[in-house]
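Me: Let's go through the empty spaces in this model. Start with the terms, then take each space in turn.

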Amino acid sequence: MNKINFPALTGIRALAAFMVFVHHYNPFSIEVYGKYAHDFFSEFHIGVTIFFVLSGFLICNRYYDEPNFSFKSYLIKRVARIYPMYFILTTLTFVFFAFVYSQNGWVDLQNYFYNISFLKGFSDDLKFTGIAQGWSLTVEEAFYFTAPLFFILINKSRIYLVIIPLVFIGLGLLLVSYFSGIDCNGFMKSTNFMFDFTFFGRICEFFVGIGLALILRKFSFNFKGFTYIGLAGIILSLCALVSLQVDAGFGVDNFTGKIINTIVLPVFGIAPLFLGLIKEKTFISNFFSSKTLQLLGKSSYIFYLIHLGIFVTILNKFFINQWFLFFSLNIISIVFYLYIEAPLNKLIRKNID
């Protein structure tokens, strides 16, 4: 099972990105579809949870106990995957809004630095600046940098699959207890921020993915039905989050909701779904393995980066319907993937593969 491509998991990336889009633009209005439907789809932020579990699975599958592992090569490949498009789009975002909305037309260089360095993801005050959804890339990069060390420890003993997340959660709480009383641009400002927006609070999602990759290395599965168990787990988790909503908030706004989002959903929903997509031949796995979903999955990173921000600002001058916006952003994402992201990735990696 090591170092094999999983087409259906490429397709699932598109689903995760589209779920986040629905979360932000929720087309299921209370007036037309009813409050429960609206609240249900408002919890589609779990697309981010799917991304984190998927990252843990794929990185472990690719790099766990890799012979002749080179941290330099590994890091270059991770940077090539994430950073070029993020840097380009973040720069465009700051330049665009400086000229369109700033009175003096100057880019806020300090804020720009916090964004391109990913440091904004550690600040409650800055997390939504620049590309608002870019906070999640800080979480991803933190995992990329620490994953090789995690694999060394886990290879010594599987108990580290539990110990490491507990240590990082504890470290996050210690940082909050120290910095919560200090005016430091909102750095590790609160426990809610730590659990919802930082690697310290989201680490369990990655470790569920790691655990799934290790299980697949050791065991074969004859049981059929993981795909549907996973889908049922995801739907039930969404329903549980809806039941925890208060006023206009989300289910993850209370501690029980955080546990559901970061542990229950990954373990009982996302992991079984991934297992089913890998091991079972169903119409669902065939759908996510199709050429269309492969292309949408490969361009989903750009879609995720641009579904809020300058392109939406421009498109909203022409379209007011969420579905026109959705299709337009997908077209832009595919073009950017084919003619910018993929060539840049290939150029950066060509001397190390």
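Reply: A cavity is a set of grid points where a 1.4 Å probe fits but cannot get out. Its volume is the space filled by probe spheres set on those points. The model is predicted.

Me: What volume does the largest cavity have?
Reply: The search covered the whole structure and kept cavities of 30 Å³ or more. It found 1. The volume of the largest cavity is about 40 Å³.

Me: Which elements give two or more residues to the lining of the largest cavity?
Reply: The lining includes Leu89, Thr93, Leu305 and Ile306. Ile310 and Phe311 also line the largest cavity. The elements giving two or more residues are α5, α15 and α16 (310-315).

Me: How many charged residues are in the lining of the largest cavity?
Reply: Nonpolar residues number 7 in this lining. Polar residues number 2, with Gly counted as polar. As for charged residues, there are no charged ones.

Me: Which element gives the most to the lining of the largest pocket?
Reply: The largest pocket has a volume of about 1200 Å³. Of its 36 lining residues, the closest to the centre are Thr10, Arg13, Leu58, Arg78 and Arg81. Elements supplying at least two lining residues include α1 (7-25), α4 (46-63) and α5 (71-100). The top contributor, with 10 residues, is α4.

Me: How do the residues of the lining of the largest pocket divide?
Reply: Arg counts as charged and Leu as nonpolar. Both types are found among the residues closest to the centre. The full lining divides into 18 nonpolar, 8 polar and 10 charged.

Me: Which elements give two or more residues to the lining of the second largest pocket?
Reply: The volume here is about 440 Å³. The lining has 22 residues, with His23, His45, Phe128, Trp135 and Phe197 nearest the centre. Two or more residues come from each of α1, α4, α9 (191-197) and α12 (255-279).

Me: How far apart are the end C-alpha atoms of α12?
Reply: α12 has 25 residues. At 1.5 Å a residue, it should therefore span 36 Å. The computed distance agrees with that: 34 Å.

Me: Where does α12 bend?
Reply: The bend is the angle between axes fitted to the seven residues ending at a position and the seven starting there. In α12 that angle is about 60°. The bend is at proline 266.

Me: Which residue caps the N-terminal end of α12?
Reply: A polar contact needs N or O atoms within 3.5 Å. Here a side-chain oxygen lies 3.1 Å from the backbone nitrogen of threonine 256. The capping residue is asparagine 254.

Methods:
Residues numbered from 1 in each chain as written. Predicted model: local features only at pLDDT ≥ 70, side-chain atom pairs only at ≥ 80, totals over all residues. Heavy atoms only, no water. 1 Å grid on protein atoms, 1.4 Å probe; cavity = no way out; pocket = protein on both sides within 12 Å on 5 of 7 lines; lining within 4 Å. Helix = DSSP H or I, 4+ residues; strand = E, 2+ residues; numbered from the N terminus. Expected span 1.5 Å × (residues − 1). Polar contact = N/O pair within 3.5 Å; in protein donor to acceptor, adjacent residues only side chain to side chain.
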